[in-house]
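Hi,

Here is the structure I said I'd pass on. Have a look at it first, and my notes on what turned up are underneath.

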Amino acid sequence: MPALASHRKPRTRGRTTPAVGLTTVALASVTLLSTQSATAAPAEPKPSIEEVQKKVDALYRQAGTATQQYNKAKAASAEQRSKVDALLEAAAKRADKLNETRRELGSYAAAQYRGGSIAPTATFFLADDPQSYFDQDQLMARMTSRQQKAVADFRTQQKEAAAKRAEATKSLETLTASQASLRTSKQQVQTKLTEARTLLSQLTAEEKARLAELERKKEAEAERKADELARQQAAKETAAADEAPKTKSGSGTGTGSGTGSGSGYSSKAEKVLAFARAQIGKPYVWGATGPSSYDCSGLTQAAWKAAGVGLPRTTWDQVKVGTRVSTANLRPGDLVFFYDDISHVGIYKGGGMMIHAPKPGANVREESIYYMPIYGSVRPS
């Protein structure tokens with residue numbers, strides 16, 4: 001019997017649609033990742049040496065400003081601590097005096113009690129708060145004049161003791177604020193110095209050499225300007241010396257002009273510069289006032305102290321002391337201040353040069369006053 005023909009639909013073999021779909025998704029993913037990589041923000045270019053120099057200089061300047069803030073807070077804290085100590089001592093003395101008067105009043109009360117005096121009188125003397133009895137005229141009338149004076153003294157001393165305690169409390173609050181400012185300024189200095197050191201540590205040997213070359217060029221330009229100022233000042237002095245015989249009069253008075261002129265100032269300036277020269281080579285340490293290390297205003301303060309003149313601690317206060325002078329009229333011993341925020345100071349030695357404590361990592365040295373932008377100059381009185 002012949003075989004019957006099959007009417008089933010032939011089975012489809014090797015169906016690949018899902019595989020093709022997966023492959024397409026994978027390719028799309030790869031393409032997307034490639035596109036993202038291509039469009040991702042490129043890494044920041046490495047700063048040039050000139051940019052590094054500017055950044056480091058800015059960080060050191062900011063550290064200098066923070067150092068002056070630290071010095072100001074430290075001085076305020078020390079001053080406030082002395083004030084608080086004095087107030088606490090005064091409050092203690094007031095308390096002793098108050099207790100002495102209280103004992104005297106107690107002896108009066110005990111005497112009246114033993115003598116069988118009126119009970120309200122004894123109650124007044126023995127009360128913890130005799131203030132409530134102060135305005136009772138009948139009670140005051142029963143007291144002797146000495147007792148009345150003791151009561152009046154007690155009232156006065158109570159008020160004074162309370163006032164001293166309140167003043168001491170307020171001063172303690174101010175001291176706490178000064179100490180908080182001190183800690184903040186200290187942290188700011190440390191942060192800026194760490195940033196500068198980190199930036200410098202990332203330079204290669206070649207980059208460090210290029211940075212040193214830029215510094216040499218900067219120093220050379222500053223020295224050139226200092227030489228020019230020295231020539232101008234020398235010419236001015238020569239002209240003044242030539243003119244002196246012509247204008248000399250028989251009065252014998254008037255050898256200078258303005259505050260800080262004359263031999264008196266010159267004598268002090270010599271002592272200032274002698275002290276400053278002796279500190280050359282000592283390290284800059286922020287917040288230091290000597291004798292083994294200094295910051296900029298610590299050096300100027302110590303140098304002028306050697307000449308018998310007291311200067312404030314910070315550059316911001318030192319610039320207010322004495323007479324302002326122009327750069328052209330600078331004399332040895334004058335203070336030269338730098339930057340718009342007055343965060344640095346040096347001692348003029350003549351010839352366009354100064355002695356100063358430059359920055360962390362450097363020692364006290366002589367340098368051109370044109371190494372940094374000049375803010376102004378002062379001749380201490």
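**What I found**

Let's start with Trp304: setting aside neighbours within four places in sequence, tryptophan 304 is in contact with Tyr265, Lys268, Val272, Val309, Leu311, Gly333, Leu335 and Pro380. Do keep in mind that this is a predicted model.

Trp304 is also a good way into the interior. The largest nonpolar core has 43 residues, and the ones touching the most other members are Trp304, Leu335, Phe337 and Ile347. Two or more residues each come from helices H2 (49-114), H5 (145-201), H6 (205-247), H7 (263-278) and H8 (296-306), and from strands S2 (335-338) and S3 (344-350). H2 gives the most, with nine residues. There is also a second, separate core of twelve residues, with Leu330, Tyr348, Ile369 and Tyr371 among its members. As general background, nonpolar side chains in soluble globular proteins tend to be buried together.

Now for H8. Is this helix largely enclosed or largely open? It is largely enclosed by the rest of the structure, because eight of its eleven residues are buried. Those are Cys296, Ser297, Gly298, Leu299, Thr300, Ala302, Ala303 and Trp304, so if you colour by burial, which means under 20% relative accessible area, that is the set to look for. After H8 comes glycine 308, with a positive phi near 85°. On the other side, the loop between H7 and H8 holds proline 291, and the peptide bond leading into proline 291 from glycine 290 is cis, with omega near 0°.

The loop between S2 and S3 has some backbone oddities too. Tyrosine 339 sits in that loop and has a phi near 70°, a positive value in a residue other than glycine. Isoleucine 342 is in the loop between S2 and S3 as well, and its phi is positive at about 55° although it is not a glycine. Are these two buried or exposed? Tyrosine 339 counts as buried because its relative accessibility is 17%, and isoleucine 342 is buried with a relative accessible area of 11%.

Tyr339 turns up again in the second largest pocket, which has a volume of about 360 Å³. Its lining is made of 21 residues, and Asp57, Tyr60, Arg61, Tyr339 and Met372 are the closest to the centre. By type, the lining divides into ten nonpolar, five polar and six charged residues. H2 and S5 each supply at least two lining residues, and the largest share, six residues, comes from H2.

Last one: serine 368, which lies in strand S5 (residues 365-368). What does the side chain of serine 368 reach? It reaches the backbone oxygen of alanine 222 at 2.7 Å. A polar atom of the serine 368 side chain also lies 3.0 Å from the backbone nitrogen of tyrosine 370. Serine 368 counts as buried because its relative accessibility is 2%. Not counting residues up to four places away in sequence, serine 368 touches Ala222, Glu223, Ala226, Gly352, Met353 and Met354.

Shout if you want to go through any of this together.

Cheers

Notes:
Residues numbered from 1 in each chain as written. Predicted model: local features only at pLDDT ≥ 70, side-chain atom pairs only at ≥ 80, totals over all residues. Heavy atoms only, no water. Helix = DSSP H or I, 4+ residues; strand = E, 2+ residues; numbered from the N terminus. Buried < 20%, exposed > 50% of the residue type's maximum accessible area, 1.4 Å probe, protein only. Polar contact = N/O pair within 3.5 Å; in protein donor to acceptor, adjacent residues only side chain to side chain. Contact = heavy atoms within 4.5 Å. Core = buried A, V, L, I, M, F, W, Y, C linked by side-chain atoms within 4.5 Å. 1 Å grid on protein atoms, 1.4 Å probe; cavity = no way out; pocket = protein on both sides within 12 Å on 5 of 7 lines; lining within 4 Å. Points joined across faces, edges and corners; volume = space filled by probe spheres on them. Nonpolar A, V, L, I, M, F, W, Y, C, P; charged D, E, K, R; others polar.
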